[in-house]
Amino acid sequence: MILSLSNGIFSKLRLEGNFAAVKRLGFQNIEFNMKSIKKEHDTDVYREQKALAASDLNCLTLHSAVLHVKDPIEVHQAVYYGKISLECARALHTSLVTVHSNVSKKLPRDVRERCLREIFGEIKPFAKQLGIKLSLENLSYNSTGFGKNVEQLEEVFGVIDPFGEMGITFDLCHALESKEVNNLLEAYGSRVCNVHLANKAHQPFTKETPELTAFLTKLRSFGYQGPITLELEHKTSLEEIAKSKTLFEKLLKKF
Ligand SMILES: [Zn+2]
């Protein structure tokens, strides 16, 4: 497993400052979160490419800009967010992009299905053309989006991914909040290709807990070797991020 930091935590800083803050903490790998771009629909991906090259950081994964569509009229915007995220991933030389279902949990099932079909009908072939794998993230119960448990994710996959080509970004914080850790692992353990790691409310783990140990043990039993991406709440102090980093450097040697 490979330690990484979501740079979304420094999204208030300009890009150079954002990468510099990640470097100062001693991380080598990042998940580039599209929140780090002032306007998520900004198309100047070469600016990000240059800043990343200058920082010498390695972009392991990218978190797509997302819009939880509440009305079919918003589908085009969701497609555009998805495509510009994929362009950015290509510029940053990563081939794994985390996406949400992009549909609101408030939509009726038939409208949800139509929106899912339209959005992913465009995003999936575009990703394929760029050689990028899409990875669907499980959401928390308090998210506006659809996809918090196995039942909901199965519905989404049934519409957008009947052949099981997409991966899962397992968000431990969301799974703990929704009390779905074991169900999600049982259903998708072998499809996990990215992990968002934080305690409830995106607080950092600074000590080993029974839940964390159980999760990492299960993950290892599936042969997982991908990123462990620390995805932390905005107000987390630098000191706490450093503590969490030290903990995971130690833990990842065991797992
Ligand atoms: Zn996440």
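In the classification used here, Ala, Val, Leu, Ile, Met, Phe, Trp, Tyr, Cys and Pro count as nonpolar, Asp, Glu, Lys and Arg as charged, and the others, Gly among them, as polar. On this basis, the lining of the largest pocket in the predicted model comprises six nonpolar, 13 polar and seven charged residues. This pocket holds about 520 Å³ of space. Its lining is made up of 26 residues, and those nearest the pocket centre are Lys35, His100, His174, His202 and Glu231. Helix H6 (residues 172-177) contributes three residues, the largest share of the lining.

Glu231 is also a protein donor of the zinc ion, together with Glu137, Asp171 and His196. The donor atoms are OE of both glutamates, OD of Asp171 and ND1 of His196, at 2.0 to 2.2 Å from the zinc ion. Along the chain, the donors are spaced as E-x33-D-x24-H-x34-E. Glu137 is located in strand E5 (residues 133-137), whereas Glu231 is in the loop between strand E8 (227-230) and helix H9 (238-254); the pair therefore ties together parts that are 94 residues apart in sequence. Glu137 and Glu231 are both buried. The angles among the four donor atoms run from 86 to 172°, and the site is irregular.

The second largest pocket contains about 250 Å³ of space. It is lined by 12 residues, with Leu13, Arg14, Leu15, Ser36 and Lys38 the closest to its centre. At least two residues of this lining come from each of helix H1 (15-24) and helix H2 (45-55). By class, the lining of the second largest pocket consists of three nonpolar, two polar and seven charged residues.

Technical notes:
Residues numbered from 1 in each chain as written. Predicted model: local features only at pLDDT ≥ 70, side-chain atom pairs only at ≥ 80, totals over all residues. Heavy atoms only, no water. Donors = N, O, S within 2.8 Å, 3.2 Å for Na, K, Ca; no water. Tetrahedral: all angles 85-135°; square planar, octahedral: opposite > 155°, others 65-115°. Helix = DSSP H or I, 4+ residues; strand = E, 2+ residues; numbered from the N terminus. Buried < 20%, exposed > 50% of the residue type's maximum accessible area, 1.4 Å probe, protein only. 1 Å grid on protein atoms, 1.4 Å probe; cavity = no way out; pocket = protein on both sides within 12 Å on 5 of 7 lines; lining within 4 Å. Points joined across faces, edges and corners; volume = space filled by probe spheres on them.
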